[in-house]
Amino acid sequence: AISSLRHFATADMTRFIEGADLVSRTFALEPAGAYADMDERSRALYRRRNARLARREGMSELDCAKRALELAREHEGDERRSHVGWWIFVEPLGRPGHSSSGVLYALAVVVLSAVLGVAMGYISGGVWTALLTLLPASELIKNAIDAILLRKLPARLLPRMELAQGVPESARTVLAVSAVLASPKDGEKLARRLETFSFAARDCGKNLSFALLCDLVEAGSEHTDADAAAVAPAQRAVDGLNEKYGGGFYLFTRPRRENKRDGIWTPHERKRGALMALAALCSGHYSELECCSGDLSALEGAKYILALDADTTLLPGAARELIGAMAHPLNRARVEPSLRRVTEGRGIIHPRVSVELAASESTHFSRVAAGPGGMDAYGSACGEVWMDLTGCGGFAGKGIIDIAALLECCSDLPEGLILSHDAIEGALLHGGYMSDTELTDGFPSTPFAYF
């Protein structure tokens, strides 16, 4: 008896319990066949949502699950609506789910800020006081409302596929690191970082490739004498990785273009331009990328780009989590052609990004502004007000991108006029925030580095 208790204390009972759970067995019969392949956390999320929906509708949990299964079977052939998750999250039991939470949130911030500004103006007896108080008042009100909502709202989690056998062919992904080759030493450092990323993502299998999107520094002409010296070490290092691991590593560069307004030559649109060029290359379109190392034919038909920066650290398991989320039926992007934006699913998902421990202690500014630094050892989810209220999480420059959606929605954005392209892409591609998956990043040494 004691040995049995010890066994049950350490055994993985998930499959046994789910096999006896009638709700899980009902969901597993869906036409889409996705429920059984989701990870344990996502299946638990479905069961909790089903329980809340059943209580709201005044029915048993099993009857609620059977009704969702009936609706999924009625829409067999539709990759989203044939999945039971559609009928418990998006259209609960066939009723469209509309929420005005975002509008109410914005209205509350505006109204309360105006009231506080008017009150300050009345107390001081001056109109200018009221006007000058509006901006700081809105910041105070917003922070106060956010603090209340983060304590009351549950964190919104994105469901994901488990990908127990690695990334499938249908979800082939390119992990792309954007960087600038400022000196010959940079190429070798970036190649070593790419190799580290391959170790952290070894559970993804052969359908995850690794690429360096390297731009050359600004110059007074299209070519300089230092270009070849900067590219050659990077090319040798990436060639060495391909020889060592049998392929899967790439080095790309781009030609400079003349910026007539500033009189300098620079690669087109920096990081945004490099990602767009990589997306075009993977889709079989013309691309200005010049492949210095790697087999281009292996990239054709890739579905996603996992975009990282040179100072980003990819934690073990994070790549598979992000790809699994994008591959989930509820998160697959659907673009409305007339609007040129994603109206269903996600075109971008970005994880939580924490500050590297060393970077958070590097300067006086980082000690004040970066927070404690380091990673969350327990991988807990955290709330983000706009995501929890509206389901929209934006984009912060690091995350996974649907290639087809990126090309369709962002190909004709104004050139040279957008300071923060991440925010525009997040809005057009209906970005999602995945707070329970984490990356770590560097931090600017001074506030002027933001500009």
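**View 1. R270 in helix α10 is partly exposed, with a relative accessible area of 27%.** Partly exposed here lies between buried, under 20% relative accessible area, and exposed, over 50% (1.4 Å probe, protein chains only). R270 sits in helix α10 and has a positive phi of about 45 degrees, although this residue is not a glycine. Helices (H or I, at least four residues) and strands (E, at least two) are DSSP runs, numbered from the N terminus. Please keep in mind that this is a predicted model, in which local features need pLDDT of at least 70 and side-chain atom pairs count only at pLDDT 80 or more, while totals for chains, interfaces and linings use all residues. Residues are numbered from 1 along each chain as its sequence is written, and side-chain values use heavy atoms, with hydrogens and water left out.

**View 2. L163 is another residue with a positive phi, of about 55 degrees, that is not a glycine.** Look for L163 in the loop between α7 and β1 (173-181). At 11% relative accessibility, L163 is buried.

**View 3. Helices α6 (residues 101-124) and α7 (residues 127-152) cross at roughly 135 degrees, their axes coming within 7 Å.** That angle makes α6 oblique to α7. Axes are lines fitted to C-alpha atoms, for helices over the stretch in contact, and angles run from 0 to 180 degrees between N-to-C directions. Angles under 35 degrees count as roughly parallel, over 145 as roughly antiparallel, 65 to 115 as roughly perpendicular, and the rest as oblique. The crossing of the two helices is right-handed; in such a crossing the near helix is turned clockwise from the far one by less than a right angle. On the α6 side, the residues that meet α7 include Y105, L112, L116 and M120. Their counterparts in α7 include T133, L134, I141 and I145. Contact means heavy atoms within 4.5 Å.

**View 4. The loop between α5 (61-74) and α6 holds I88, and S82 is placed there too.** I88 is buried at 0% relative accessibility, and S82 is buried with a relative accessible area of 5%. Leaving aside residues up to four places away in sequence, I88 touches F27, Y46, R49, N50, L53 and A68. With that same exclusion, S82 touches E30, P31, A32, A72, H75, E76 and G77. From C-alpha to C-alpha, S82 and L29 are 11 Å apart in space and 53 residues apart in sequence. I88 and H7 are 36 Å apart by C-alpha atoms, with their positions 81 residues apart in sequence.

**View 5. F27, L175 and L314 have the most contacts inside the largest nonpolar core, which has 66 residues.** A nonpolar core is a set of buried Ala, Val, Leu, Ile, Met, Phe, Trp, Tyr and Cys residues joined through side-chain atoms within 4.5 Å. Apart from the largest core lies another one, of 33 residues, among them L278, A280, A307 and V342. Back at L175, the residues touched include F197, L208, F210, L306 and L314, not counting those up to four places away in sequence.

**View 6. In helix α16 (residues 421-428), H421, D422, E425 and G426 are buried.** These residues cover an arc of only 135 degrees around the axis, so they lie on the same side of α16. The arc is that of the directions from the helix axis to the C-beta atoms. The buried residues of α16 pack against α10 (270-282), β10 (348-355) and α15 (403-410). Just after the helix, H430 takes a positive phi of about 50 degrees.
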